[in-house]
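Please look through the sequence and the model shown here before reading on. The paragraphs that follow lead from the charged pairs to the fold as a whole, and then into its interior.

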Amino acid sequence: MKASALRDMTRDELNQKLDELRGALFNLSFQHKTGQLENTAQLDKTRKAIARVLTILSELDHKTTV
């Protein structure tokens, strides 16, 4: 997901997206450890998506305090 699309979301939507991504990362890492994951690049993509969401949330927090 692109950062521009994330910036259009509300804080609640971002938190919901973060929960979804963390759940997906858990499932992917579990599949990877059991040898069932064929596309290991999904792990990196999901981690980066989580980082994007956390960055946008951090920016929103910073805007409200300044």
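How many salt bridges does a search of the whole structure find? The search finds three, where a salt bridge is a side-chain nitrogen of Lys or Arg within 4 Å of a carboxyl oxygen of Asp or Glu. Before these pairs are taken in turn, it should be said that this is a predicted model, in which local features need pLDDT of at least 70 and side-chain atom pairs count only at pLDDT 80 or more, while totals for chains, interfaces and linings use all residues. Residues are numbered from 1 along each chain as its sequence is written, and side-chain values use heavy atoms, with hydrogens and water left out.

One of the bridges joins the side chains of R7 and E59, at 3.3 Å from N to O. This pair links distant parts of the chain, with R7 in helix α1 and E59 in helix α3, 52 residues apart; helices here are DSSP runs (H or I, at least four residues), strands are likewise DSSP runs (E, at least two), and both are numbered from the N terminus. R7 counts as partly exposed at 48% relative accessibility, and E59 is partly exposed as well, with a relative accessible area of 30%. The classes used here are buried for under 20% relative accessible area, exposed for over 50%, and partly exposed in between, with a 1.4 Å probe and protein chains only.

Another bridge is formed by R11 and D61, whose closest N and O atoms are 2.7 Å apart. It too links distant parts of the chain, since R11 is in helix α2 and D61 in helix α3, 50 residues apart. R11 has 33% relative accessibility and therefore counts as partly exposed, and D61, with a relative accessible area of 39%, is partly exposed.

The remaining pair to describe is D44 with R47, for which the closest N and O atoms are 3.1 Å apart. Both residues lie in helix α3, three residues apart, which is about one turn of the helix. An α-helix has 3.6 residues a turn, so residues three or four places apart point the same way. D44 is partly exposed, with a relative accessible area of 42%, and R47 counts as partly exposed at 44%.

What is the overall fold that carries these pairs? The chain has three helices and zero strands, and read along the sequence it follows the pattern α-α-α. Its radius of gyration, taken over C-alpha atoms, is 14 Å, well over the 11 Å that the globule rule gives for 66 residues, so the chain is more spread out than a compact globule; that rule is 2.2 Å times the number of residues to the power 0.38. Along its principal axes the C-alpha trace spans about 45 × 15 × 15 Å.

Helix α3 covers residues 41-65, and at 1.5 Å a residue its 25 residues should span 36 Å, which agrees with the 37 Å between its end C-alpha atoms; the expected span is 1.5 Å times one less than the number of residues. Within α3, the residues L43, T46, A49, I50, V53, I56 and L57 are buried, and the buried residues of this helix pack against α1 (3-7) and α2 (11-33).

The largest nonpolar core (a set of buried Ala, Val, Leu, Ile, Met, Phe, Trp, Tyr and Cys residues joined through side-chain atoms within 4.5 Å) has 13 residues, of which L14 and V53 touch the most other members. Helices α2 and α3 each supply at least two residues of this core, and α3 gives the most, with six. Leaving aside residues up to four places away in sequence, V53 touches L6, L14, K17, L18 and L21, where contact means heavy atoms within 4.5 Å. T46, also in helix α3, is buried with a relative accessible area of 8%, and with the same sequence neighbours left out, T46 touches L21, A24, L25 and L28.

A search of the whole structure also finds one aromatic pair. The rings of F26 and F30 have centres 6.5 Å apart and planes at 20 degrees, so the pair is stacked; rings of Phe, Tyr and Trp (its six-membered ring) pair if their centres lie within 6.5 Å, and planes under 30 degrees apart count as stacked, over 60 as edge-to-face and the rest as tilted. F26 and F30 are four residues apart in helix α2, and so are separated by about one helical turn.
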